[in-house]
Amino acid sequence: MYGKRIRTFGNDDVPGVTEAEAMERDICVLLDQIHGFYKAALNRLPVKRVPSLAPRLVEAGVCLGYLDPVSNIAINTISYSPSPWPSSPDEDDVLSRLRKSILSKIITNIDDHRVLELPLCPCTAESMTVARRSLEGMVSFLIFNYRYLPEAEALRYLRLAGADLLVAVWLIDQDRSKSAPSVSGAGLLHGKPTFDVTSPATTIALRCAASSTRHPEPVILVSSSMSAVSRLVEVSKFLQDYDCLSAENVSCLHQLVTQAPQNMGTMGIWRPLHLAGVRLANRKRKRKLKDKKMKGKKKRRKEVERTFGYTEALKLLLLDKIHGLYLQAISRLSGDDLCKRLRCSILKSGYCYGPMDPVSNIILTTVWYDSKLCTPHEFDLGFEVDMICTNALMRIECCSLYGLLAFIRAYFSSLTEHDAIRYLLISNADIWSAIKMAEVDGHAMCYDHDGYKEAALASWHPDPDALGNHGFCNEAVIGSCDFYADVKCTLKEDWIFYDPNMDSKISLENPIIDWAGAKKRLKNRIF
């Protein structure tokens, strides 16, 4: 996804605001929104007819799950008790008196400095209100579900989402280059779901989040959430069609969410995130209408529209993608050459930037270094190496990252490091796709600097002057790559083009019958 950005990055344009102060402000705003969800849930639940719902809400009705916030509160409240039926008259009298203090157990006193701590101290978490514990659980879910997501950034995404957990997931997927389903629903029919509620990782994240809220039975919360989302149509009939549930409705909902979850198809897995996108669009539409009505009157407080945009987190995500590219490249090199010579060449000069796709660039620069720069005995250990250490591979991966950033910023002087990393992350470290995205977004491209030269210097290339002027015979490339496996090749004039994603039909268009003779004829050709 590229083009018009959803939002900008920063601290609301407020000068002198520290990260700790911004986090405290976000916590206060989110708690105020969560309090509104609990008031709406109390109005929807038949607390007078079923008084036992009130204490169950305070104990287990956390704002955590795969539906909208109010529905999550209702589902978690109803599913916790084994009996949703009305209590006896004597018990009703006691619980009615307890209900008078229900809001005092939900509304959080922000004057207490402990409330503004994140994460909550274990010794004080039990005494916190259900609203504050719910916020703790939502932040925990985002951190457990997304790698390298800082707590401050998780808070900011929740604030952008209006304290709606699935909307925050939708926004993160958008920013992390995952294709979230469009509001129109066109994306539901294609591709693998970006957020799979049935995956073990998501289930573990929800259970850990439930534990962080001090829920008495985290297993029940996870099970009821899965049952509700797998029976979304039936559950929605009760939660959306009735302003106030009856005791019979509560009984039916209890039976639905306590059953084992149903099998979900692709559409069912997509649906929660799609509905989150619809809620976000509706929220923006209501805000615009409210702004029009408020025009000319007293100006209301502007809602946050910014994330911090942690460059370090995006950089680590990009390094993960680059690591995957190196694993692909290693798997496509000839095993014998990799064990004898190329394992050192790839660590020394196997950069992923160059004239082709990242994997092909790694192979190209590795073979080029082995053919041109290393001496016959430089890496001759006298024995074969069976593995490449991940720590050693990490060095060349970091150097490739520095080279990619220097390459793209050499052509776009106005591009910040954060934006450059973002383009590379979206393009899967493909420098040419990243450059195209930057041009589409309106960045002016300049040719005052040599991108290859800047990349070579930034990545500590062994011979910066030679980068981009590869001159070695095709035999070195052909002999070092396992073309009979995943890499397909075609011959055209004096160039060899190879692409791991190329269809085998292309290879059939350029058959090489006499392979030994072809290698001999191509020996002196220049790559």
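This is a short talk on the salt bridges in this structure and on how two of its helices pack.

Okay, hi everyone. One thing up front: what you see here is a predicted model. Let's start with the charged pairs. How many salt bridges does a search of the whole structure find? It turns up 7, and I'll walk you through some of them.

First up, arginine 132 and glutamate 136. They form a salt bridge, and their closest N and O atoms sit 3.3 Å apart. Where are these two in the chain? Both are in helix H6, which covers residues 130-145, and because they are 4 residues apart there, about one helical turn separates them. Now, buried or exposed? Arginine 132 is buried, at 0% relative accessible area. Glutamate 136 is buried too, with 6%.

Next pair: aspartate 164 with arginine 279. For this salt bridge the closest N and O atoms are 2.7 Å apart. Aspartate 164 is in the loop between helix H7 (151-160) and helix H8 (165-175), while arginine 279 belongs to helix H13 (residues 266-293), so this pair ties together parts that are 115 residues apart in sequence. As for the surroundings, aspartate 164 counts as buried at 7% relative accessibility, whereas arginine 279 is partly exposed at 22%.

Then we have lysine 315 and glutamate 417, whose side chains meet in a salt bridge of 3.2 Å, N to O. Here lysine 315 comes from helix H14 (residues 311-331) and glutamate 417 from helix H18 (residues 417-426), so parts 102 residues apart in sequence get tied together. Lysine 315 is buried, with a relative accessible area of 16%, but glutamate 417 counts as partly exposed at 31%.

There's also a little group to look at: Asp26, Arg156 and Arg159 are joined into one network by salt bridges that share partners.

And that takes us to helix packing. In general, you describe two packed helices by the angle between their axes and the distance between those axes. For helix H1 (residues 19-44) and H7, the angle is about 35° and the axes are 10 Å apart. The crossing of H1 past H7 is left-handed. So who touches whom? On the H1 side, the residues in contact include Met23, Asp26, Ile27 and Leu30, and on the H7 side they include Leu155, Arg156, Leu158 and Arg159. Which classes of residue make up this contact? It has 8 nonpolar residues, 6 charged ones and no polar ones. You'll recognise Asp26, Arg156 and Arg159 from the network, and here they are again where H1 meets H7.

That's it from me, thanks!

Conventions:
Residues are numbered from 1 along each chain as its sequence is written. This is a predicted model: local features need pLDDT of at least 70, side-chain atom pairs count only at pLDDT 80 or more; totals for chains, interfaces and linings use all residues. Side-chain values use heavy atoms; hydrogens and water are left out. A salt bridge is a side-chain nitrogen of Lys or Arg within 4 Å of a carboxyl oxygen of Asp or Glu. Helices (H or I, at least four residues) and strands (E, at least two) are DSSP runs, numbered from the N terminus. Buried means under 20% relative accessible area, exposed over 50%, partly exposed in between (1.4 Å probe, protein chains only). Axes are lines fitted to C-alpha atoms, for helices over the stretch in contact, and angles run from 0 to 180 degrees between N-to-C directions. A crossing is left-handed if the near helix is turned anticlockwise from the far one by less than a right angle, and right-handed if clockwise. Contact means heavy atoms within 4.5 Å. Ala, Val, Leu, Ile, Met, Phe, Trp, Tyr, Cys and Pro count as nonpolar, Asp, Glu, Lys and Arg as charged, and the others, Gly among them, as polar.
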